[in-house]
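Hello,

Here is the structure you were going to look at. My notes on it follow below the files.

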Amino acid sequence: MSAVVSAADVRRSRVRLFIVTMLFLVTTVNYADRATLSIAGPALSKELHLDPVAMGWIFSAFGWSYVAAQVPGGWLLDRYGSRLVYAFSIIIWSLFTLMQGWVGFLSAGAAVAVLFALRLLVGVAEAPSFPANARIVAAWFPGNERGTASAFFNSGQYFATVIFAPLMGWIAHTYGWRFVFFVMGALGVVMGLVWLKTIYGPKEHPSINEAEFDYIKDGGALVDLDAPKDDQLRERAPEAGSGWDHIRQLLSNRMMLGVYLGQYCINTLTYFFLTWFPVYLVKERGLSILQAGFVATLPALCGFIGGVLGGIISDAILRRTGSLTMARKIPIVGGMLLSMSIIACNYVDGQAMVVGFMALAFFGKGIGALGWAVVSDTSPKEAGGVSGGLFNTFGNLSSITTPIVIGYILAATGSFNGALVFVGLNALVAAFAYLVIVGKIERVTLKRSS
């Protein structure tokens, strides 16, 4: 029997591994484009004479529109499919990133207004990205591989810092902060064109063979998710209901509300890292922009390792216990408690100790960053995009609140100490949400519309 299974494994294609690698690469570019402002921030704020509160509001601009566009972005994915919507998303956000480099040629007041507007537009364009990631993983991966796949693409947010923070720091130091936006925007346009040429659904991909297709389908992959005819049938089906009815049912589900709260708190750590962390290294710890770019790579690398490890641990628990609830909750709760070590940075002086505690915190955050695996596990089949959009709406409210709250803490205290406590307490609330509120993790079944 084992020989038969082994032979089947050999025959099976591995297209899904290429798919998740592309998701990882696109997510890496996505987060690098979000982080451009944090790397350019110290030099940009000095040139434009911006105080911490003003920088906090500019950092938050992305979040306002990103959150507002989540549910519409999810609807577009359900209506038109992941491949095309995601391709347009990548190309458009990259063009808006590139355009931010031109604000330095405007007067200070106009530059701030245009920069804020462009960050808003980047947020709108990026809105479908993570719901699309979750839909593609749900379509391409069986249940027992979904945690690892989701953790792998999500770890792109850390890898973005490992690769691009030193590069962007060097560009800003050598050529000026404007070229950070020019280079990253151009790279994103190229990535969007590559995406169009290489990404298809399981039923349409030219390289998938029958053995792999049967394997992922029998394992619970939603292989029909982007099939147009099936989409139309689902839209006409009386039990499917309207988009607003789907939203209402998801918002009345206790499990999903706990997941939403948890993701909001987890993302608070993410957005501290993407916005204020390089500024913290420069202003509080006395590093140069170039040094900050390189120092940021160690916590990011630990976050990347933790992110991949969290998915592997989660899927291993699932295979051993058969309990999806245990498999997702144990890494999330444990990782969030570990990430509270960020508060310890307030009590050490040496740069090595600061970076060490930051690295430990982001390692824990990486292990616990399984929210998108939970979305793939729980989203109703009729509304995967809307469910992912709603999840990302709540999760990314922290992209608005985190930079603004930290900006006001800095203005009031002149120190990052309170900011790090704020971030650490959010990790504690995330652990509480999954332990107490979420309950059993299972796929949501939508009720028939009346």
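Between the two domains, 56 residues of domain 1 are in contact with 59 residues of domain 2. This is a predicted model, and the domain assignment gives domain 1 as 14–224 and domain 2 as 243–449. The centres of domain 1 and domain 2, taken over C-alpha atoms, are separated by 18 Å.

The chain as a whole

The secondary structure of the protein chain consists of 22 helices and 0 strands. Its radius of gyration is 21 Å, close to the 22 Å that the globule rule gives for 450 residues, so the chain is as compact as a globular protein of that length. Along the principal axes, the C-alpha atoms fill a box of roughly 65 × 50 × 40 Å.

Among contacts in the chain with a separation of 6 or more, 83% are between residues 24 or more positions apart. Of the 450 residues, 59% count as buried. The chain exposes about 17300 Å², and 68% of that area is supplied by carbon and sulfur atoms.

As for charge, there are 32 positive and 25 negative side chains. The centres of these two sets lie 2 Å apart.

Helix H19

Helix H19 covers residues 371–378, and 8 of its 8 residues are buried, so this helix is largely enclosed by the rest of the structure. The buried residues are Gly371, Trp372, Ala373, Val374, Val375, Ser376, Asp377 and Thr378; Asp377 is thus listed there along with Trp372 and the two valines, Val374 and Val375.

What do the buried residues of H19 pack against? Their partners are helix H7 (129–140), helix H8 (143–154), helix H14 (254–284), helix H17 (324–339), helix H20 (384–395) and helix H22 (417–437).

Phe181

One residue to look at on its own is Phe181, which sits in helix H10 (residues 178–198). Is Phe181 buried or exposed? Its relative accessible area is 0%, and a residue counts as buried under 20%, so Phe181 is buried.

Leaving aside residues up to four places away in sequence, Phe181 touches Thr36, Leu37, Ala40 and Leu44, and also Thr97, Leu98, Gln100 and Gly101. Arg34 is 147 residues from Phe181 along the chain, yet 10 Å separate their C-alpha atoms.

Regards

How values were computed
Residues are numbered from 1 along each chain as its sequence is written. This is a predicted model: local features need pLDDT of at least 70, side-chain atom pairs count only at pLDDT 80 or more; totals for chains, interfaces and linings use all residues. Side-chain values use heavy atoms; hydrogens and water are left out. Helices (H or I, at least four residues) and strands (E, at least two) are DSSP runs, numbered from the N terminus. The radius of gyration is taken over C-alpha atoms; the globule rule is 2.2 Å times the number of residues to the power 0.38. Buried means under 20% relative accessible area, exposed over 50%, partly exposed in between (1.4 Å probe, protein chains only). Contact means heavy atoms within 4.5 Å. Accessible areas come from the Shrake-Rupley method with a 1.4 Å probe; for residues, only the protein chains shown count as cover. Lys and Arg count as positive and Asp and Glu as negative; His and the chain ends are not counted. The place of a charge is taken as NZ of Lys, CZ of Arg, CG of Asp or CD of Glu. Domain bounds come from an automatic or database domain assignment.
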